[in-house]
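Work through the exercises below with the sequence and the model at hand. Each task is followed by a solution in steps.

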Amino acid sequence: MGMTLIEKILARASRRATVTPGENIWVNVDVLMTHDVCGPGTIGVFKREFGANAKVWDANKVVIIPDHYIFTADKRANRNVDILREFVREQDIKYFYDITDLSDFKVNPDYKGVCHVALAQEGHTRPGEVLFGTDSHTCNAGAFGQFASGIGNTDAAFILGTGKLLIKVPSTMRFVLDGEMPDYLLAKDLILQIIGDISVSGANYRTMEFAGEAVGRMTMEERMVLCNMVIEAGGKNGAIAPDETTFEYLRGRTDKPFEPVYTDADASFYSDWHCDVSKLEPVVAKPHSPDNRALARECSDVKIDRVYIGSCTGGKTTDFYNAARLLKGHKVKVPTYLVPATQKVYEDLFTLKYDGETLSEIFLSAGCIEPAAPSCAACLGGPKDTFGRLNEPEVCVSTTNRNFPGRMGDKRSQVYLASPYTAAASAITGYVTDPREFLS
C-alpha cells in the first residue's frame, strides 16, 4: 500500500521506511517558529525544564517573529518582545525579525510582519520538511508540500531542547478541486465552502490534502489560503503537492536543498471530497463560526459598519490586488481598514499597478483608510489601541480566518468572513454583497 505525501514526510523525519495513520512516532524537526504571544511562555517552560543556562538544540533552526501585539502602548505586549530579544541574544539565534522603532516600521529593516507570510517570503517553508510553530495557522506552510502544524508552548519548549517531538500520524482527507475557477471566486470561497460542508470539527487531527486542476492553477498565495484555514476545520495540517509554481516561488528565497515527495497513486485516504469549482458561488461565514456558511447574495439584508482586509489569510499581495481590482472607480460607504501582512506586501501596495494605478492610489481614491503598519493587528483583537480593532458592537466583513465572539475585539461585534472580492464589494455598498455585482 502506498503512502500520502504527509506520511512520506513523517516517515523520513522519523527515519522509518513507512508510517501508518494512528501510529505514535518521534519526528526530527527542521524549523521551529515562535512569536511574541507564545514565545515568552515557550522560553519560560524551556528554562524551567532544561535549565536556566540550557542551549537550544540548533540556533539556526529557530525562527522568532514578533507580529501579533506590536504597534501598541500596552506595557505587557512590549515586555513580551523584550523577552524575545533577550533570548535571541543569549542563544545567538540567527533568524530574528525584530522591530525596535514602533513609530516608523519602515526604518526597521529586520522587521517582517505576520509570521506565516514572513516564513514563506523569507524562504523558511520548504517541500519535504517538518515545521512546527506556536500558532494555530502554522498549517499555512502546508501549501509548500511540507508537514506544518501549530503546537502549544510545552511542545515548542521540548523541541527547543531536543529538536524532536512525539506525534500521532494523522490520516489524510483528500479534497479534489477540479474545473475552471470563475472570475468572481477566490481560494477563500473554496475553503469556506469546504468548512461549511464538513464543519469546524470535520477534520479533527487529520491532514487535509488539496489536489485537482483548480489547485494546480493557483498561485502560491492562493494555495496558502486553502492550507491556512485547515485549522478552522479542526485539521492537524494542510498539504498541497509541490510543483513548478512552488519551486519558482522558492527560487531566490532559499538556497537550502530540499526533497519534494508526492502522494502515491495507491495511497489510502480517510475520505475523498470532490468538487467542480465552476459550479460554486461566492460565500461568507456568518457570525459566530467559520462553518456558518451562507451564499454572499443571501446576506444582502446585512448592513455593515466596516470592512477589514488583512491577516495571514487575507493580507497578502494577491488579496490586495484582488480588492483593488474590484474597488477601482468606486467609493467605499464604510470605513475600510487595510493591514498588509508583511513589509514586502506593504511595499507592493505602492509599486504594484492595476490598470495604470498603484494599489495604494486605488485604495485612497476609493476612500479607504491609509494602509497600516504590517502586523496581525485586529485579527486577534489585541490591546484596545490596536489598529482596526472592533471596540464597539459593530458588524464587520473581514478577510481574516475566525469570527468567534470577541475574536476581533468587542464580544458583541459580528464578523462575516469573506474573500477580498466580497469584502471590497461590501465596502462599496455598505452591506454584505456578492462581488458579481461589480465583476462582469
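**Exercise 1.** Find the residues that Ser289 touches, leaving out those up to four places away in sequence, and state whether Ser289 is buried or exposed.

Solution. The model is a predicted one, and residues count from 1 along the chain. Start with location: Ser289 sits in the loop that links β12 (283-285) to β13 (293-295). Next, list the contacts, which are Val200, Asn403 and Phe404. Last, classify the residue: the relative accessible area of Ser289 is 17%, and the cut-off for buried is under 20%, so Ser289 is buried.

**Exercise 2.** Do the same for Ser136: locate the residue, list its contacts beyond four places in sequence, and assign its exposure class.

Solution. Ser136 belongs to the loop between β5 (130-133) and β6 (147-150). Its contacts, with neighbours within four places in sequence set aside, are Gly150, Ile231 and Arg402. Because its relative accessible area is 26%, Ser136 is partly exposed. As a distance check, take Glu437, 301 residues away along the chain: the two C-alpha atoms are separated by 35 Å.

**Exercise 3.** Determine the strand order of the open sheet that contains β8, and explain why one side of β10 and of β11 has no neighbour in the sheet.

Solution.
1. The sheet has four strands, ordered β10-β9-β8-β11, with parallel pairing.
2. β10 (237-240) and β11 (271-276) are the edge strands; each has a single partner strand, so one side of each is left without a neighbour in the sheet.
3. The average turn between neighbouring strands of this sheet is 20°, direction ignored.
4. For the pair β8 (residues 172-178) and β11, count the bridges: there are six, and the two strands run parallel.
5. Within this pairing, Phe175 lies opposite Trp273 of β11.

**Exercise 4.** Which strands do helices α1 and α8 lie across, and how many residues of α8 are buried?

Solution. Helix α1 (residues 5-13) lies across β8, β9 (207-211) and β10, at about 110° to β10. Helix α8 (residues 220-228) also lies across β8, β9 and β10, but its angle to β10 is about 150°. Now go through α8 residue by residue: nine of the nine are buried, so the helix is largely enclosed by the rest of the structure. Among them are the charged-type side chains to check in the viewer, Glu221, Glu222 and Arg223.

**Exercise 5.** Establish how β2 and β3 pair, and which way the residues of β3 point.

Solution. β2 (residues 31-35) and β3 are joined in the parallel sense by four bridges. One of the bridge pairs puts Met33 with Val63 of β3. Along β3 (residues 62-65), Val62 and Ile64 point one way, while Val63 and Ile65 point the other way; all are buried.

**Exercise 6.** State whether Val45 is buried or exposed, and what it touches beyond four places in sequence.

Solution. Val45 is part of helix α2 (residues 39-50). Its relative accessibility is 13%, so Val45 counts as buried. The contacts are Thr154 and Ala157. Ile151 is 106 residues from Val45 in sequence, and their C-alpha atoms are 14 Å apart.

**Exercise 7.** Which residues form the nonpolar surface patch that includes Leu166?

Solution. The members are Trp26, Phe50, Phe158 and Leu166, and together they have about 370 Å² of accessible area. Leu166 comes from strand β7 (residues 164-168). With a relative accessibility of 43%, Leu166 counts as partly exposed.

Terms used:
This is a predicted model: local features need pLDDT of at least 70, side-chain atom pairs count only at pLDDT 80 or more; totals for chains, interfaces and linings use all residues. Side-chain values use heavy atoms; hydrogens and water are left out. Patches are made of residues with over 30% relative accessible area and no salt bridge: like charges are joined within 9 Å, nonpolar side chains (Val, Leu, Ile, Met, Phe, Trp, Tyr) within 5 Å. Accessible areas come from the Shrake-Rupley method with a 1.4 Å probe; for residues, only the protein chains shown count as cover. A salt bridge is a side-chain nitrogen of Lys or Arg within 4 Å of a carboxyl oxygen of Asp or Glu. Buried means under 20% relative accessible area, exposed over 50%, partly exposed in between (1.4 Å probe, protein chains only). Contact means heavy atoms within 4.5 Å. Two strands pair if DSSP finds at least two bridges between them. Axes are lines fitted to C-alpha atoms, for helices over the stretch in contact, and angles run from 0 to 180 degrees between N-to-C directions.
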